[in-house]
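Me: I would like to go through this structure step by step, with each answer argued out before the value is given.

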Amino acid sequence: MNQLHTLAAEIMAAVAEWLQESEEEKGKAIQEAVNRTSLQAGIHDLVYMQVEQGEFKLSTWISDYGSPEFERPIPPPDPPITRQQAETVLIPLLAEGIGGILQGYADNPLIDYHLQVSLELDNFGILPVLHTINERKRGLLLERIQTYIAKLENHAYPTDPLESFFLAQHLVDPLLFPELNSAFVLRIYELVMERNRDNPAKLKEHRGNFIRAFTVWVEEEFLPAYYHRIKPKWGVVEYTLKADVDKASIDQEHLELVLQTAILIIKYEPNYSRQRGLDLLARLQELGYAKAARVIKEGSGTLPADAIHYKDQQLECQAHDVFSTITIRIKEECADSYGKGLDYISNLHTLGFFRSYQIKLKSSVKQAVDVPGLAKSQTHRFFANALQYEELHPKLEAYARLAMVEFEWYEDTEGEKNCMPGTYAVFGLGLTDPRYYPLVQEYMKVVDSEHQSVQAAFTAAFIHRFGVDEASLPTITACLLACEDGKFTKHGPAFETASNLHALAGILATLEPYEARHIVELVWGSTAKLEKKAKAAKGELTEGFARVRDAVNQQ
């Protein structure tokens with residue numbers, strides 16, 4: 001038993017040392033951090049300790065990434081202790097000892113109003129040590145939350161995202177509010193949205209804070225009550241419904257908060273997060289929540305009915321904002337039908353419908369944008385059909401400018417055919433008339449070149465359509481900057497006129513050196529090949545190549 005007491009003493013000494021060092025080195029910064037808002041009671045609510053192979057490590061989070069905040073050597077017990085010894089002797093010793101140490105930090109902002117301490121010992125997994133709750137801090141924090149909410153209700157001024165970061169977490173914290181009032185929580189969320197509606201950037205930050213807090217509550221509090229959770233070290237968490245779940249007894253307010261969380265994720269989070277929201281809907285349906293089934297069938301209900309459904313003699317449109325689909329049935333093939341369809345889609349976007357979506361088109365016409373490699377999808381076909389009508393080009397441009405959002409994609413594309421919303425309209429218009437050069441340039445600034453490659457084929461088509469000259473070069477270079485790779489060296493000779501080289505050099509001089517090199521590498525294969533051409537140039541080309549070379553070598 002002496003070795004257990006020795007090990008406990010070593011761990012407690014390490015914890016005391018960490019606390020003392022943290023206070024000495026970060027005390028002022030910690031106090032300043034807590035003073036930023038009345039809604040923060042302290043910094044740390046978790047201490048995760050590891051003892052393995054003679055090393056003690058301490059972190060204030062549990063993660064597979066990052067380095068521990070504190071570490072020191074610790075003599076390993078000899079012989080190794082058993083799990084039973086750890087649970088029956090070591091953990092009680094640590095709970096009492098660390099609890100005593102923490103009493104000295106009861107009023108210190110280093111520690112939040114509660115603190116969960118756990119220990120991972122060799123191969124025993126994570127063992128809970130103690131969970132302390134500072135009732136004085138807890139009571140004071142509750143008073144501050146109520147005061148803040150009263151101000152929120154009585155004053156119309158915008159709030160700080162830092163406040164919503166803490167407020168959102170507190171509202172779904174079972175230690176602060178054991179009886180979760182979902183209607184109240186959602187009302188406060190809507191109130192924060194209302195107070196910040198005139199600042200879109202901050203509104204997005206506020207909303208993200210609430211979505212993250214709600215999601216943590218769902219995944220850490222709600223789902224574990226009804227599901228067995230398999231959490232692999234890598235990969236997606238799997239949920240299996242517990243056999244003894246009484247679905248009729250599940251709190252309906254809790255179900256509603258889960259439902260609204262799913263809708264918020266689907267509606268506002270990036271496209272790659274949407275599956276998480278859809279999975280929550282599936283869980284709710286499995287738990288027998290009828291409203292979730294209606295949402296899956298009909299949509300979230302957050303958009304006006306007249307915006308979701310439109311019908312006249314020429315076309316019929318129906319949107320589903322959960323599965324991000326828009327069904328368009330063209331009854332009469334004419335400009336008016338497609339114009340109304342574009343108006344319908346654009347109106348949905350202004351109301352908050354996803355930029356990432358797909359069109360299910362019912363039409364007898366099968367046009368396509370003349371760019372190789374584009375997905376042969378119904379979404380593509382709708383915009384290609386609309387492009388037939390020159391009078392619709394202004395509407396297509398307006399739609400494209402509205403639809404272009406980084407990290408969003410048409411839902412019926414993937415892999416090498418992946419493309420950002422607005423792509424078909426931009427590509428079609430971009431190949432139609434030089435007046436759409438600015439639209440193409442704006443598109444290329446937004447596109448995520450790491451996850452989309454169809455712009456390379458468009459760039460080649462654009463050069464083939466308009467050639468290379470002083471008018472087209474700004475657009476061509478914008479396109480090349482958005483291409484990770486592509487076979488453009490065959491177009492190199494088109495750049496090699498005196499006027500084009502001078503124009504290109506002027507553009508390259510405005511770019512970062514790595515951007516200028518990237519363009520040269522796409523056009524000529526490498527900077528070395530450009531240098532070779534510069535040395536071999538004669539006559540009026542000599543100065544042109546020299547200027548391009550100098551622009552590339554700028555510091």
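Reply: Accessible areas here come from the Shrake-Rupley method with a 1.4 Å probe. The model is predicted, and the values discussed below are computed from it.

Me: What share of the accessible surface of the chain belongs to carbon and sulfur atoms?
Reply: The accessible surface of the chain comes to about 27,300 Å². Of that area, the part that belongs to carbon and sulfur atoms is 49%.

Me: What radius of gyration does the chain have, set against that of a compact globule of 555 residues?
Reply: Along its principal axes, the C-alpha trace of the chain spans about 90 × 65 × 45 Å. A compact globule of 555 residues would have a radius of gyration near 24 Å, whereas the value for the chain is 30 Å.

Me: Which helix gives the largest share of the largest nonpolar core?
Reply: The largest nonpolar core holds 145 residues, and those that touch the most other members are Leu167, Ile328, Ile345, Phe383, Phe427, Leu508 and Trp524. The largest share of this core is ten residues, and they come from helix H6 (residues 200-226).

Me: Which residues does Ile328 touch, not counting residues up to four places away in sequence?
Reply: Ile328 is one of the residues that touch the most other members of the largest nonpolar core. With residues up to four places away in sequence not counted, Ile328 touches Leu315, Glu316, Cys317, Ile345, Ile359, Lys360, Leu361, Lys362 and Phe382.

Me: How many residues make up the other core that lies apart from it?
Reply: In soluble globular proteins, nonpolar side chains tend to be buried together. Apart from the largest core lies another, with Leu19, Leu58, Leu90 and Leu130 among its members, and its residue count is 35.

Me: Is Gln53, with its positive phi, buried or exposed?
Reply: Most residues other than glycine have a negative phi. Gln53 is not a glycine, yet its phi is about 50°, and it is found in the loop between strand E1 (44-52) and strand E2 (55-59). Because exposed means over 50% relative accessible area, the 73% of Gln53 makes this residue exposed.

Me: What relative accessibility does Phe407 have, and where is it found?
Reply: Phe407 also is not a glycine and has a positive phi, of about 70°. Phe407 counts as partly exposed, at a relative accessibility of 41%. Its place is the loop between helix H13 (393-403) and helix H14 (423-430).

Definitions and conventions. Residues numbered from 1 in each chain as written. Predicted model: local features only at pLDDT ≥ 70, side-chain atom pairs only at ≥ 80, totals over all residues. Heavy atoms only, no water. Core = buried A, V, L, I, M, F, W, Y, C linked by side-chain atoms within 4.5 Å. Buried < 20%, exposed > 50% of the residue type's maximum accessible area, 1.4 Å probe, protein only. Helix = DSSP H or I, 4+ residues; strand = E, 2+ residues; numbered from the N terminus. Contact = heavy atoms within 4.5 Å. Rg over C-alpha atoms; globule rule 2.2 N^0.38 Å.
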